[in-house]
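Colleague: Could you take me through one part of this model closely, starting with a charged pair and then following whatever helices and strands lie around the story? A connected account would suit me best.

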Amino acid sequence: MFILIDKPPGITSFKALHGIKKKFNTKRAGHAGTLDLAASGLIIAAIGKCTRLLPYMEAQDKTYSFDLRLGISTDTLEPTGNILKEDKNSARTPEQIDSALQAFIGEIEQVPPAFSAIKINGKRSSDLALKGLEAELKPRKIVIHELRRISGTSIYCKCSKGTYIRSLARDIAEKLGTCGVAGCIRRLAIGGISVEQASEKLIPPQELFNWQIASVSDEEAKKILNGVVVASGQWLVASGGNPVFIANNEQIIAVAEIKNGYILPKFLL
């Protein structure tokens, strides 16, 4: 099962799961996509065997809002970090900001923040940064689908997995000929799931994934639960590249691939 959380700023993504583990008496819980300590917004958490579905959720596009704060540069790329540089002439017009944003739409390369969980030779970049050690972070390809001003310096961004909003704010500021950080980062959506849907209600996986559901007989279900490949029958048609849910008596029992006319179990639910 899944739970949608609206994480407040000031707590870690890990701590946001603490209440879930206690409420549902489980040690097996995880989430899709870590949010920074100061950030807020949607976390999709899973418990039990549904944690195996989290990589599929994490791969989806993300939507954020953030405040582009021009005039300072910090070590963490957040307003609360240690100030490295200031620019008293950082004011830019809305038209200038709008123009700069256009340069980042599409596939671009982005250097992640030094304060991030990326590992370099087995050590977290953030741990190295805390020790004052400089680590070479290589640019990564990301995709910005939509980037626009909501009002003032408040920005809306829809982007691919792996996008760092703090780095994006830094790069937009540089494009504007100044320095800047990202404040009030809020994740509005993961894929088609909105933070407005957040509640403490348990949600079955088929409500979050737009995958086909292949209903099988009791005999077929027994084989699938034992990892046996079975003919796909009515599900001979390709599933559009996505996995499919396998259901028996209206209960989801597994995730599988449909390939060459057969159901290939990936893992059980």
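Modeller: Happy to. Let's start with Arg148 and Glu146, whose side chains form a salt bridge with 2.8 Å between the closest N and O atoms. Keep in mind that this is a predicted model. Neither partner needs to be guessed at in terms of solvent: Arg148 has a relative accessible area of 38%, so it counts as partly exposed, and Glu146, at 29%, is partly exposed as well.

That pair belongs to a set of seven salt bridges in the structure. Another of them joins Asp6 to Arg186, with an N to O distance of 2.9 Å. This one links distant parts of the chain, since Asp6 sits in strand β1 (residues 2–7) and Arg186 in strand β12 (residues 180–190), 180 residues apart. Asp6 is partly exposed at 37% relative accessibility, and Arg186 is partly exposed too, at 24%. A further bridge is made by Lys266 and Glu257, with 3.6 Å from N to O. Here again the partners are partly exposed: Lys266 has a relative accessible area of 36%, and Glu257 has 34%.

Now back to the stretch of chain we began with. Strand β10 covers residues 140–151, and it is among the elements that cover the buried residues of helix α6. The others named there include β4 (62–70), α4 (94–102), β7 (106–110), β11 (154–159) and β12. How enclosed is α6 (residues 165–175)? Nine of its 11 residues are buried, so the helix is largely enclosed by the rest of the structure. The buried residues run through Ile165, Arg166, Ser167, Leu168, Ala169, Arg170, Asp171, Ile172 and Ala173, a list you may like to colour in your viewer. Charged side chains are included in it, with Arg166, Arg170 and Asp171 among the buried residues. Just after the helix, Gly177 adopts a positive phi of about 80°.

Helix α4 makes a good companion to α6. Its residues Ile97, Ala100 and Leu101 are buried. Looking down the axis of α4, you would find its buried residues within an arc of 100°, so they line one face of the helix. The general reason is simple: an α-helix has 3.6 residues a turn, so residues three or four places apart point the same way. On the other side of α4, Glu95 and Ser99 are exposed. The cover over the buried residues of α4 includes β4, β10, β11 and α6. So the two helices appear in each other's lists, because α4 helps cover α6 and α6 helps cover α4.

Further along the chain there is an open sheet of five strands, ordered β15-β17-β18-β19-β16 with mixed pairing. Its edge strands are β15 and β16 (230–231), each pairing on one side only. Within the sheet, β17 (residues 244–248) and β18 (residues 251–259) pair in the antiparallel sense over five bridges. As one example, Val244 has Ala256 in β18 as its bridge partner.

Finally, have a look at Asn210, in the loop between β14 (199–203) and β15 (213–215). Asn210 has a relative accessible area of 75%, so it counts as exposed. From Asn210 to Pro243 the separation is 33 residues in sequence, and 9.9 Å in space between C-alpha atoms.

Notes. Residues are numbered from 1 along each chain as its sequence is written. This is a predicted model: local features need pLDDT of at least 70, side-chain atom pairs count only at pLDDT 80 or more; totals for chains, interfaces and linings use all residues. Side-chain values use heavy atoms; hydrogens and water are left out. A salt bridge is a side-chain nitrogen of Lys or Arg within 4 Å of a carboxyl oxygen of Asp or Glu. Helices (H or I, at least four residues) and strands (E, at least two) are DSSP runs, numbered from the N terminus. Buried means under 20% relative accessible area, exposed over 50%, partly exposed in between (1.4 Å probe, protein chains only). Contact means heavy atoms within 4.5 Å. The arc is that of the directions from the helix axis to the C-beta atoms. Two strands pair if DSSP finds at least two bridges between them.
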